[in-house]
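Trainee: Could you take me through the sheet and the helices around it? I'd like a close look at how the pieces fit together.

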Amino acid sequence: MNLNKKKSIDDEKTDFDLFKKTVLNDYRLARISRETSILGRKEVLNGKAKFGIFGDGKEIPQLAMAKVFKNGDYRSGYYRDQTFMMAIGVLTVKSFFSQLYAHSDLEAEPISSGRMMTAHFGTRFLNKDGFWKNLIEQKNSSADISSTAAQMPRLLGLAQASKIYKELKNLKKTHKIFSHNGNEVAFGTIGNASVSEGLFWETLNAASVLQIPMILSIWDDEYGISVPNKYQFSKQNISDLLSGFHRNIKEKGIEIIRVNGSNYIDLIKTYVKADQIARYEYVPVVIHVTNLTQPQGHSTSSSHERYKSKERLEWEMNHDGIKKFRDWILNFKFAINKKDKRKIADVNSLDQIDIEAKEYVINEKEKAWKAFKKPIDKIKNEVMNILHKIQNSSEEKKWIQKYINKYIQELHNEIKNIPTKKSVFRIARKVLYLLSEMQYKTKSYLIKWIKKKYQKEQENYSSHLYSISKKASIKITEVFPLYNNNSKVDGRIVLRENFDKLLELHPDLLIFGEDVGKIGDVNQGLEGLQKKYGKIRVFDTGIRESTILGQGIGLAMRGLRPIVEIQYIDYLLYALQIMSDDLACLQYRTKGGQKAPVIIRTRGHRLEGIWHSGSPMGGIINYLRGILVLVPRNMVKAAGFYNTLLSGDDPALVVECLNGYRIKEKLPKNLGLFRTPIGIVEKTRKGEDITMVTYGSTWRIVNEAAEELSKININSEIIDIQSLLPFDLQKDIVKSLQKTNRLLIIDEDVPGGASAYILQKILEEQNGYYYLDSPPITITAQEHRPPYGSDGDYFSKPSVENIVEKVLKIMHDS
């Protein structure tokens, strides 16, 4: 404790009283957090919850970290940060248990409405209408991810946003709810074993290059589930391993600090120092927090007694952070004067805090459990009443009464033991099967009850995959491109001129990626724009796709509008995990609490060679539900999509046609303003004989085939899908089938890829099979990637001749 010697004795007493109060409050919160972990584990093991992973052993450093975490700051963390979340006032014990029980009420469980697993934290960035809150007036935590180290890429963008807000002074007034002159720090946390992940190293390298206000804490308990550190990395100590990143007089880098995780005072000093460096010097800081423990092991899925030695278990017991903190409190003495030596607390007072903490957690757990049970009991009672009515109205049907009695008892027992909505709905639907051939008034009432309640539960468990705000992209109407004349330019010029206008119209727009800045991307769709708008808004990055995307996510979460470029479509594989585990499910897993409207720009489709030329759309659309997937056939359409997306608030992937940059197109005069509608197909050729459905570069092949077919009096209707996610919202394809009665889908993905998805949408969702006079057919690429050369392309992807021959066969067979 550092007190000024020149202060009066009264001042020193006041300072000590405040210090004492702070310490005891911290001890109390540490005990509450520990009891939450202990009781949480018990609730899982007794069957009240499915899975438990807790923050025990990490309490003391998290208390220290919370002391420097300010309004407007952000956390991108690891699923053991419950003490920190409690300390900053955004997590209660009751809401923790509500999440453990998967309570689907957003009021009870405001993190995710029961959608995320235990100890996966976050705060709400959005109001109920889907628009931003004032984020500089609250403490912010981006929603956690289970995949190890997946929180790292987004951390980069959250930190970089502060630097951008500091440098782009013109955003000071328009974006004041997102930043206070860049005076915000992004705090990351990660477990020691996750340091093995490439995402960790990619992020650390990028942070060192960017020099951004970031503090990353490594919680080191020396194990990754059962695997000790010696198998995780090459050096004995993580901070030694990171030493090459350490800044020095000659080179920028990262500040690296090692601290004992049970030393309360050193931890506070460390975080104060780190905060000063990151917040005011804009230097990233790594804090390696050592000597941490896992009192209950990794999670409820494993027992650490299985893989830790007796010596290690004994060491962990003796070096438990709370025990060490308690011993320090009991041994602390401060001399006001020679006669007046103050202590913070004695054994009895700390014991009393321990008892009160345990009682408090038990009480809050009981409140959470009762709140969780209440709606389930309500629907159970409603179903019970219906079952009794059916029972009373079926006296002559003894066999029905027998089954109803069985179901009533079954429902009673299931709800009594472990209450779930599933139990109630299973019984209600079983009874409906039983009465399938019967006519009862109560049967129709049961049907209505199931339909109404099931729809409500679908809202609880399936809503908010995409934006529900007024700015949702599907709500933005089409604006047609306008032209002054028929003169044409290269497709890349259309993109370049449109991006130029967008950068002018949207001062918060940033465009970045590999080769994006100086040369204006590899196809020169951004030529000259860095020179015009500066290196802050149009800039190059290293070759690191996961963190390019992560930058975009973090920047978008902080109110900026990034377009991130992944140079080729096969490079998406580097970032696919982050796209799927983080971006695609962000709005869903927070039930509309957070969003990141980042636009991902890439290119692919029709080119020759194993790499860069493929169309792995089947994998993309199935991994990325929650992200719009847009497949424009030319650059005017692509530009229109960018214009639409920047007016909306959904994340999206735009796949430009790789072979379209030099194809001539008319240049619109209403640049930045015309809009390609999302989820709407376009009929590009009218016909009566067959409907041909396609997208992207393959559209040109299909168009050429249609010309060939017209020479033999077969009139093909061509539909360009344009948008795979969402798909044909107006169901225009089935309207075409009502006229042609024949369907051919042409796609350059592998068999059963996107073509299977398209077929399911048309046949099942649009009931297109009603109108077919012959089986629907798909033409796809071969099962392998396309080989190099024109011949390789011709024999491995759909060709004009393939299409013509298949149409002739369909016409002949029907």
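Mentor: Let's start with a helix on the sheet: α2 (residues 59–66) lies across β3 (186–191), β4 (214–219) and β8, and runs at about 170 degrees to β4. Before we go on, this is a predicted model, so local features need pLDDT of at least 70 and side-chain atom pairs count only at pLDDT 80 or more, while totals for chains, interfaces and linings use all residues. Residues are numbered from 1 along each chain as its sequence is written, and side-chain values use heavy atoms, with hydrogens and water left out.

A few words on the terms. Helices (H or I, at least four residues) and strands (E, at least two) are DSSP runs numbered from the N terminus. "Contact" is heavy atoms within 4.5 Å. Axes are lines fitted to C-alpha atoms, for helices over the stretch in contact, with angles from 0 to 180 degrees between N-to-C directions.

Another helix on the sheet is α5 (residues 151–167), which lies across β1 (74–76), β3 and β4 at about 165 degrees to β3.

Now the sheet. It's open, with six strands in the order β2-β1-β3-β4-β8-β7 and parallel pairing. β2 (140–141) and β7 (255–260) are the edge strands, each pairing on one side only. Two strands count as paired if DSSP finds at least two bridges between them. As background, strands of a sheet pair through backbone hydrogen bonds, either parallel or antiparallel.

Zoom in on β8. On one side, β8 runs parallel to β7, joined by six bridges; E255 has V285 as its bridge partner, and R258 stands opposite H288. β4 also pairs with β8 in the parallel sense, over five bridges, and there L216 has V286 as its partner. Six of the six residues of β8 are buried (under 20% relative accessible area; exposed is over 50%, partly exposed in between, with a 1.4 Å probe and protein chains only), so the strand is largely enclosed by the rest of the structure. V285, I287 and V289 point one way, V286, H288 and T290 the other, and all are buried.

Have a look at the loop between α8 (264–281) and β8 (285–290), where you'll find Y282. Its phi is near 55 degrees, a positive value in a residue other than glycine. Most residues other than glycine have a negative phi, and most peptide bonds are trans. Y282 is buried too, at a relative accessible area of 8%. By contrast, V272, which sits in helix α8, is partly exposed, with 40% relative accessible area. To get a feel for the spread, V272 and L808 are 536 residues apart in sequence and 76 Å apart in space, C-alpha to C-alpha.

Next, follow helix α6 (residues 198–210). α6 packs on α17 at about 65 degrees, with the axes 9 Å apart, in a right-handed crossing (the near helix is turned clockwise from the far one by less than a right angle; anticlockwise would be left-handed). L199, E202, T203 and L210 from α6 meet E545, S546, T547 and Q551 from α17. By class, that contact has two nonpolar, four polar and two charged residues. Here Ala, Val, Leu, Ile, Met, Phe, Trp, Tyr, Cys and Pro count as nonpolar, Asp, Glu, Lys and Arg as charged, and the others, Gly among them, as polar.

α17 (residues 545–557) has another neighbour: its axis and that of α18 (residues 572–583) come within 7 Å and cross at roughly 30 degrees. The two are therefore roughly parallel (under 35 degrees; over 145 is roughly antiparallel, 65 to 115 roughly perpendicular, the rest oblique). E545, S546, L549 and I553 in α17 meet Y574, A575, I578, M579, D582 and L583 in α18, and the contact divides into seven nonpolar, one polar and two charged residues. Notice that E545 and S546 turn up in the contact with α6 and in the one with α18.

For another helix pair, try α11 (residues 347–392) and α13 (residues 421–434), packed at about 20 degrees with axes 9 Å apart. That makes α11 roughly parallel to α13, and their crossing is left-handed. The contact residues include I376, I379 and V383 of α11 and V424, F425 and V431 of α13; overall the contact has ten nonpolar, no polar and two charged residues.
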